[in-house]
Amino acid sequence: MIDTGPDLTLTIALIAGSGVAAQWLAWRLRWPSIVLMMGAGLILGPIWSVVAGAPLVHPTAAFGDYLRPMIALAVAVILFEGGITLNFRELRDASGPVRRMVLLGFPLGWAGAVLALHYVAGLAWDLSAMIGALLTTTGPTVVLPLLRQAKLPSRIASVLKWEGIVNDPIGALSAVLVFEAIRQTALGQDWVQAGMALALGAVIGGVLGFGFGAGLSRAFRRGWVPEPMKAPLVLAAVLVCFSVADALANETGLVAVTLFGLVVANSRLASIEEMRRFKEGIASILVASVFVVLAADLAPSDLLALNGWHLAFVGVFILLVRPVTVALATMGSGLNLKETAFVGIVGPRGVVAAAAAGHLAASLIEVGRDDAAILAPLVFATIFISVFGCGFAVAPLARLLGLSQSGPERLLIVGANPWSLGFADALKKAEIPVTIADTSWRRLRAARLAGHEIHYGEVLSEAADWQLEIARFSALLAASPNDAYNALVCIEYGPELGRSRVFQLSGFDGPVDADKVEDDPRAIAYTARGRTLIRRGRGYDSLARDWWQGWRFRNTKLSETYPLATYLEEVGDGPDLVIARLPNGTFHLLGTGREPPAQPGTILIGFAPPDAKTSTGSGEDQSS
């Protein structure tokens, strides 16, 4: 029997619960989630062991021989999720600096990491080559939250985003190939035999990855798989692909699933976004669990094995190798000195590096490479320091270099029409930045003349993902005449902005009971649409009709002497309250069942009839 140590059920609950809790806390605090997940694992494992004499969670004791396969399957799903984000068509349209960071940045960074690992950290050349490939990857799971936090210009954000997306699977693939060469030589084969085994493994992994990807894509295009089963089938296919590849040639499963993801990502499947979101959800749980498990499984002696040279390597790698790599790769690409310096300093290591390092190091120890024991703590230290430093330095650094686009929260309005343009004018008076998006250049004419920022194009297109820079926006309002289109826009951007921050006009005109709307068979289900703007549930037709009858937007500022209660008493049921801007610059769209804030200094924007009572006293009123 396996000695499970502490109760196995409690161990699983602590791993999953602490990992997800760390992600939620990171979201609330706007901290890098990877730092808190690693911290949770360290607390449950080595730190608890030092304090209480034994770890609260000891994965090796709890899971025994099953731990390695479990981590391997989790890493396989994580690598596939990284591969499925890499669309080569989007990369072709990327800017020059992006292509240079991909084509030149990765090999230069890999070479610099290998030199630093060997000469500073003292690792053997082969181990340096394997870990250097992993540490060169930044990873979208850590970069994208930092981009949202710093509010960077599009060019810098594009470089950092695409570097993480593209180099993540490439780095993992390179590391796995080097690992296989090390493993073959450790088993006693000469370099020729090791090269042949490596080539065989690469062929097997490539054929299986391409075969699974092409076969699954064909099945989806031919309609052989029902929609509800597509995402679960992809998950099952990833596990089968990994297991079959590993059974045919040891440790080739990671190569196979990475290529599997790349093939699916570039197959132009209509349901690719749904699969990506499903995989992101699964990967989020797996990432949290893997980080907690890997960190908790470290013994205090593993952490104490890190010496001054190892920490010196981390400093050299972050402060010398990364900036020099970026400077050489982007030379003559159009980035100015400040932009190059920012990209060179901001390079947090990714999830793939941690997950793959622990798995590959354990495999090397099994074949006699005891010097690989230092790899996991060294990679963890590099990730922790780089992510912790970048997470807390990115915003101040962007402001110091004059690159931050920090300012008030911005609203994205989809649909240019007289009502939405009038709303944008009122927002401008309230100092709420707004961007108006539409597919008609003619409809955007009034917005351009009024000085509003515009986006000319389809917000549901692939190009809009990087052209719009959705990280700049705090909320979205879909205000086109088509209720179904509005719902589709809200569903598309809900995962990015949060379901509570995407709004659309009601599909019904006039005062309507919200509960009846949700139950009405003629309406789009409330689970498949955004939140309804305006408390009375006003549709586009009634708003447009009232606009042409003289209704206009009015801004009213609350104060100590003119509170919300007085305002509501004076205006009665006349205006429809649409949005409230708080004194700190944040705003709240006033959807169904959402009361306006009463804080003094708040600006309320309402859509009011021409004969509506205006505010008196110290309340400030402006019509738009």
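At what angle do helix α11 (residues 227-248) and helix α12 (residues 253-265) pack? Select both and look. The angle is about 145°, and the axes are 7 Å apart. Keep in mind that this is a predicted model.

**Stop 1: α11 and α12**

Stay with this pair. The crossing of α11 and α12 is right-handed. Now show the side chains at the contact. From α11, pick Ala237, Val238, Cys241, Phe242, Ala245 and Asp246. From α12, add Gly253, Leu254, Ala256, Val257 and Phe260. Colour them by class. You should find 9 nonpolar, 1 polar and 1 charged residues in the contact of α11 with α12.

**Stop 2: α2 and α18**

Next, select residues 33-52, which form helix α2, and residues 375-400, which form helix α18. Their axes come within 9 Å and cross at roughly 135°. Because of that angle, α2 counts as oblique to α18. Which hand does the crossing of α2 and α18 have? This one is left-handed.

Show the side chains here too. Ile34, Val35 and Met38 belong to α2. They meet Phe380, Ile383, Phe384, Val387 and Phe388 of α18. By class, this contact of α2 with α18 has 8 nonpolar residues, no polar ones and no charged ones.

**Stop 3: Phe388**

Zoom in on Phe388, in helix α18. Is Phe388 buried, exposed or partly exposed? Its relative accessibility is 39%, so Phe388 counts as partly exposed. Leaving out residues up to four places away in sequence, Phe388 touches Val35 and Ile383. Now pick Trp31. Trp31 and Phe388 are 357 residues apart along the chain, yet their C-alpha atoms are separated by 8.6 Å.

**Stop 4: the sheet**

Move on to the strands. Strands of a sheet pair through backbone hydrogen bonds, either parallel or antiparallel. Here you have an open sheet of 6 strands with parallel pairing. Trace the order: β3-β2-β1-β4-β5-β6. The edge strands are β3 (453-456) and β6 (531-532), and each pairs on one side only.

Select β1 (residues 410-414) and β4 (residues 473-478). These two strands run parallel, joined by 5 bridges. Find Ile413: opposite it stands Leu477 in β4.

**Stop 5: helices across the sheet**

Add helix α19, residues 418-429. This helix lies across β1, β2 (434-438) and β4. Helix α19 runs at about 170° to β1.

Last, add helix α22, residues 483-497. Which strands does α22 lie across? They are β1, β4 and β5 (502-504). Helix α22 runs at about 165° to β4.

Notes
Residues numbered from 1 in each chain as written. Predicted model: local features only at pLDDT ≥ 70, side-chain atom pairs only at ≥ 80, totals over all residues. Heavy atoms only, no water. Axes fitted to C-alpha atoms, helices over the stretch in contact; angles between N-to-C directions. Helix = DSSP H or I, 4+ residues; strand = E, 2+ residues; numbered from the N terminus. Parallel < 35°, antiparallel > 145°, perpendicular 65-115°, else oblique. Left-handed = near helix turned anticlockwise from the far one by under 90°. Contact = heavy atoms within 4.5 Å. Nonpolar A, V, L, I, M, F, W, Y, C, P; charged D, E, K, R; others polar. Pairing = 2+ DSSP bridges. Buried < 20%, exposed > 50% of the residue type's maximum accessible area, 1.4 Å probe, protein only.
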